[in-house]
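The following exercises introduce a structure to a reader who has not met it before. Each task is followed by a solution in steps.

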Amino acid sequence: MDILNDELLYTENLSKNFQGITAVDKVNFKINKNEIRALIGPNGAGKTTFVSLLCGRIRASKGKVFFNGSDISNLPVYKRISSGIGYTFQITAIFSNLTVYENVALSIKNRRDKEKRSIIFEVLNKVGLLDRVSQRSGDLSYGHQRLLELAMGMAQRPKLLILDEPTQGLSDLEIENFKKLIKDFSKTMTVLLIEHNMDVVMSIADKITVLHFGKIISEGDKHSIQSDPLVQKAYLGDQC
Amino acid sequence: MRKDIILHLSALLILFLLEILGIFSEYHQGNFARILVLAAYGVGYNILFGYTGLLSLGHALFFSAGLYASGLSIYHLDYNIEQSLFLGICISALISLIIGFLALRTIGVSFMIVTLMFSQIAYLSILYFGSITRGDEGFVIQQSSRVFLSMDLSNPKIRYYSALLIFSLCMLINLWIAKSPFGRVLVAIRENSDRALMLGYNVKLYKLFSIIISGTISGLAGACYGILFGYVGASFAAVSYSIFPLLWVLIGGAGTVLGPLIGAIFMFYLIDYASDITDAYMIIVGVALLFVTLFARRGIIGELRFRYYKWIS
């Protein structure tokens, strides 16, 4: 019963077909509250499709998604997001012509101005962009744009934050900073991380799910994943 | 913020002073009255295109909806100005809602084509139902019908002030939208609609609201045009009247409050002066537009905002 109460999101036989090609195949997935879960798999494994099904960007062909105890399978994207799912894109998606402040402000809804301001400054302080609050976001460096996107995700105060390859294109120093931030986030929210950088995955994920050809082939802590022959064959290869 | 509001109110004050101090000649007074009503139409277009990023090629439909609804109600039903204006606004709002609902099933180029098609349907319907609309030739609203609160709207002075009032109202609505959280969401949709959706905004509903506001303002401008200038004709529903506001907004600055006014003044006088020089005036207009595009690709106000005055709305 305790395990059930800890569940934040789970799927039942979640599937997606694209004109005969099965991108996600009867996936039963669970993620608990305040967990950092990494979703890994080779290119084309169906990771982005899977998280897109979770947040409703893509409609499922079959199966259900339950979030925070409710069936959200038929809810449109904006309602799923409003119910507490945050999502950051694989390719940086910010509002380039708006300032850093305005970008984060757009992430916060139904709050009074004073409260909104305090959240904006708090998250910008956390990601280290406080000194760039009035800067046009399109003028930020790539690394800072990724941080801004993270700040936008944080400012939404989601129960579940989905990060799609957040460290892509970042320097080693920026990645180290990023790892600390994710660890920090997990104190107040659940993080589902799609990541190719194995160093990031192994160092911050509480649990790892491996997807291959749209199916979960392995799930567990980093040791069990590293020693799983199926995973070694499908993905990790010599890295394990 | 204060500077911004002062700038916009100053622009309105200048337009008021130009008339009250008698700086305008009768010719320019007439031109400016026309420009102000057309700029109000441009403001409507700007809300959809400049702020929300939806490029419509059929806005003449909304302009002519207001124009014909108010004009026909005066012509056939003897409505007074208040009633006809109210009807013009309501009909254009209703048409915007219907067209928005249908056109938003498409995006990008398809949206442009669909809006163009609806506009052409309206244009051809005006021609087809000539017994009611007087077709291509249009009809005149008699001077005796153009009286509002005992004021003769055909009087050039009153017409100018009325046009300025209509434009001021539309411009202030635009300014309020630009500064409101609603306006920020529209800009977010323009910048990256996928991201706006993933922040939990009902993008389709916001776009629909934007079309309704834009269409209603355009319809208001259309209704006022007929009432102030006394003529209702099918040419206002033609495709050129969907292209004009796009040009005004692009030249003045998309997503800027003063852009449609500056663009409308620029285009109006450019055509006016070029046609004095040659019959092939569109060559001059084309070259001038080319230079504006090359050296101020964000439009006149847009470029000023980008380079020097970031606070301009």
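**Exercise 1.** Is A:Lys26 buried, partly exposed or exposed?

*Solution.* The model under study is a predicted one. The first step is to place the residue: A:Lys26 belongs to strand β2 (residues 21-27) of chain A. The next step is to count its neighbours, and 15 other C-beta atoms lie within 10 Å of A:Lys26. A residue is buried with 20 or more such atoms and exposed with 12 or fewer. A:Lys26 is therefore partly exposed. Its backbone also deserves a remark, for phi of A:Lys26 is near 45°, a positive value in a residue other than glycine.

**Exercise 2.** Determine where A:Asn110 is found and whether it counts as buried or exposed.

*Solution.* A:Asn110 is located in the loop between α4 (100-107) and α5 (113-127) of chain A. Inside 10 Å it has 7 C-beta neighbours, so A:Asn110 counts as exposed. The phi angle of A:Asn110, near 55°, is positive in a residue other than glycine.

**Exercise 3.** Describe the surroundings of A:Pro42.

*Solution.* Begin with the location: the loop between β4 (36-40) and α2 (47-55) of chain A holds A:Pro42. Because 15 C-beta neighbours lie inside 10 Å, A:Pro42 counts as partly exposed. Finally, compare sequence and space. A:Pro42 and A:Leu211 are 169 residues apart along the chain, while 7.9 Å separates their C-alpha atoms.

**Exercise 4.** Set out how chain A is divided into domains and how these domains meet.

*Solution.* The domain assignment gives domain 1 of chain A as 1-84 + 160-173 + 192-240, and domain 2 as 92-157. Taken over C-alpha atoms, the centres of domain 1 and domain 2 of chain A are 26 Å apart. Five residues of domain 1 of chain A make contact with five residues of domain 2 of chain A. On the side of domain 1 that touches domain 2, there are three nonpolar, two polar and no charged residues.

**Exercise 5.** Which elements give two or more residues to the side of chain B that touches chain A?

*Solution.* Consider the whole contact before its parts: chain B supplies 13 residues and chain A supplies 15 residues. On the side of chain B, the elements that give two or more residues are α8 (181-191) and α9 (193-198) of chain B. By class, this side of chain B has six nonpolar, three polar and four charged residues.

**Exercise 6.** Characterise the packing of α2(B) against α7(B).

*Solution.* The axes of helix α2 (residues 26-51) and helix α7 (residues 156-179) of chain B come within 9 Å and cross at roughly 25°. Angles under 35 degrees count as roughly parallel, and α2(B) is therefore roughly parallel to α7(B). The crossing of α2(B) and α7(B) is left-handed. Their contact has 17 nonpolar, five polar and two charged residues.

**Exercise 7.** At roughly what angle do the axes of helix α4 and helix α10 of chain B cross?

*Solution.* The axes of helix α4 (residues 81-103) and helix α10 (residues 203-229) of chain B cross at roughly 145° and come within 8 Å. As to handedness, α4(B) passes α10(B) in a right-handed crossing. The residues in the contact of α4(B) with α10(B) are 15 nonpolar, ten polar and no charged ones.

Conventions
Residues are numbered from 1 along each chain as its sequence is written. Chains are lettered from A and ligands numbered from 1 in the order in which they are written. This is a predicted model: local features need pLDDT of at least 70, side-chain atom pairs count only at pLDDT 80 or more; totals for chains, interfaces and linings use all residues. Domain bounds come from an automatic or database domain assignment. Two residues are in contact if their C-beta atoms, placed from the backbone, lie within 7 Å. Ala, Val, Leu, Ile, Met, Phe, Trp, Tyr, Cys and Pro count as nonpolar, Asp, Glu, Lys and Arg as charged, and the others, Gly among them, as polar. Helices (H or I, at least four residues) and strands (E, at least two) are DSSP runs, numbered from the N terminus. Axes are lines fitted to C-alpha atoms, for helices over the stretch in contact, and angles run from 0 to 180 degrees between N-to-C directions. A crossing is left-handed if the near helix is turned anticlockwise from the far one by less than a right angle, and right-handed if clockwise. Angles under 35 degrees count as roughly parallel, over 145 as roughly antiparallel, 65 to 115 as roughly perpendicular and the rest as oblique.
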